[in-house]
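Ready for some practice with helices and a ligand? Have a look at the model first, then work through the exercises one at a time.

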Amino acid sequence: MIRKWATITGAGSGIGEEAAVELFDMGYSLILIGHGADKLMAVRDCLAKRKARREKKSGPFDQKIALIAKDLSDPSGRAEAWEDIKGIIDKEGGLPAILINSAGFGAVGNFRAIPYDLQENMVDLNVEAVMFFTYRMADLMEKNGGGRILNVASSAGLFPGGPYMSVYYATKAFVVSFTNGIREELEESGSPVKVSALCPGPVNTPFNKRAGVRTPLHGISAKRCVRAAIRGMKRQQAIILPGLSIKLAAAGAKLLPAGIMLPLTAHQQKKKLRNGKQ
Ligand SMILES: NC(=O)c1ccc[n+]([C@@H]2O[C@H](COP(=O)([O-])OP(=O)(O)OC[C@H]3O[C@@H](n4cnc5c(N)ncnc54)[C@H](OP(=O)(O)O)[C@@H]3O)[C@@H](O)[C@H]2O)c1
């Protein structure tokens with residue numbers, strides 16, 4: 001059987017980690033990319049245990065897991081990661097079947113109160129890294145007969161703006177627009193590469209802690225989010241909205257004028273900054 005690779009950025013935790021579990025259980029070999037080597041190794045150990053349990057029931061199955069620990073907000077980290085990805089697929093053989101661009105982070109607060117460097121770093125990761133890997137992987141996939149790319153955006157990317165999380169919302173609006181644009185280009189050229197944007201609302205992952213959220217909004221589990229994402233990819237949906245409430249919020253964002261949406265969004269974001277205990 002031909003090996004199929006799923007390459008996942010941000011695979012050390014949250015949505016990326018859960019995508020690794022689901023795709024591994026579906027038989028994909030994995031290239032897991034993240035910041036921290038320790039987190040990636042923990043994910044690999046957990047997957048190896050799942051494989052051992054599975055093999056006890058159904059016999060041996062040839063699946064590989066490769067780890068790449070790099071800072072993807074850094075141009076040299078991205079370039080090194082790409083060389084590693086190509087090297088792994090060349091050496092082990094198989095097809096670059098799936099790319100999930102999940103690495104990303106946010107920061108809550110007033111734009112002028114959040115350190116500039118942090119927000120610049122966010123653009124480097126949430127925007128540049130998505131462009132970088134999509135550009136290269138689409139080519140590699142096309143040469144190998146096709147593949148699927150999932151760019152993890154956010155429902156934030158469907159709103160006219162995100163006061164008190166302005167840069168984060170803007171990065172995710174980029175991801176949505178970029179994905180829609182290249183999707184059309186790929187379709188018009190008859191490419192076998194398919195691309196989708198995942199736009200979840202709140203998901204229960206370490207994201208909020210890192211973003212400085214004191215009172216998180218009620219979220220769905222990463223498993224539910226990833227299962228919806230995989231279903232959406234199979235159906236070749238352009239924008240994948242996991243859960244009814246986020247479908248309704250997205251419809252509202254389309255219908256309501258920015259003058260109404262922006263203060264509503266500001267109100268929601270400010271809630272995240274309040275200390276729930278007070
Ligand atoms: N959770 C939500 O509510 C939510 C909602 C909508 C969209 N999203 C999007 O979903 C994606 C995944 O987030 P998540 O919820 O799964 O949060 P998460 O658990 O914090 O995952 C983010 C991952 O990105 C990695 N990462 C961060 N900076 C990196 C860098 N410079 N280089 C390489 N990897 C880096 C992190 O690795 P380290 O931990 O090692 O730094 C982490 O594994 C993000 O793009 C986020 O914007 C999340």
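A residue counts as near a molecule if one of its heavy atoms lies within 4 Å of it. Keep in mind that this model is predicted.

**Exercise 1. Find which residues come nearest to the ligand, then look for its polar contacts.**

Step 1: Start with the surroundings. There are 30 residues around the ligand, and Ser13, Ile15, Lys39, Tyr168 and Thr205 come nearest.

Step 2: Now check the backbone. A polar backbone atom of glycine 14 is 3.4 Å from an oxygen atom of the ligand. Glycine 36 has a backbone N or O atom 3.0 Å from a ligand oxygen atom.

Step 3: Move on to a side chain. Here an N or O atom of aspartate 71 lies 2.8 Å from a nitrogen atom of the ligand.

**Exercise 2. Work out how H1 is oriented relative to H2, and what their contact is made of.**

Step 1: Two packed helices are described by the angle between their axes and the distance between the axes. For H1 (residues 14–25) and H2 (residues 37–58), the axes come within 11 Å and cross at roughly 25°.

Step 2: Angles under 35 degrees count as roughly parallel, so H1 is roughly parallel to H2. Their crossing is right-handed.

Step 3: Who touches whom? From H1 you get Glu17, Ala20, Val21, Phe24 and Asp25, and they meet Val43, Leu47, Arg50, Lys51 and Arg54 in H2. Sort the residues of this contact and you find 5 nonpolar, no polar and 5 charged.

**Exercise 3. Do the same for H3 and H4.**

Step 1: H3 (residues 75–92) packs against H4 (residues 116–143) at an angle of about 30°, and the axes are 11 Å apart. That makes H3 roughly parallel to H4.

Step 2: The handedness of the H3 and H4 crossing is right-handed.

Step 3: On the H3 side, the residues are Arg78, Ala79, Ala81, Trp82, Ile85 and Ile89; among their partners in H4 are Phe132, Phe133 and Met137. By class, the contact of H3 with H4 has 10 nonpolar, no polar and 4 charged residues.

**Exercise 4. H4 also packs with H5; describe that pair.**

Step 1: The axes of H4 and H5 (residues 166–188) come within 9 Å, crossing at roughly 15°. So H4 is roughly parallel to H5.

Step 2: This crossing of H4 and H5 is right-handed.

Step 3: H4 brings residues including Met122, Val123 and Val130 to the contact, while H5 brings Tyr168, Phe174 and Phe178, among others. Count by class: 12 nonpolar, 4 polar and 2 charged residues.

Technical notes:
Residues numbered from 1 in each chain as written. Predicted model: local features only at pLDDT ≥ 70, side-chain atom pairs only at ≥ 80, totals over all residues. Heavy atoms only, no water. Axes fitted to C-alpha atoms, helices over the stretch in contact; angles between N-to-C directions. Helix = DSSP H or I, 4+ residues; strand = E, 2+ residues; numbered from the N terminus. Parallel < 35°, antiparallel > 145°, perpendicular 65-115°, else oblique. Left-handed = near helix turned anticlockwise from the far one by under 90°. Contact = heavy atoms within 4.5 Å. Nonpolar A, V, L, I, M, F, W, Y, C, P; charged D, E, K, R; others polar. Polar contact = N/O pair within 3.5 Å; in protein donor to acceptor, adjacent residues only side chain to side chain.
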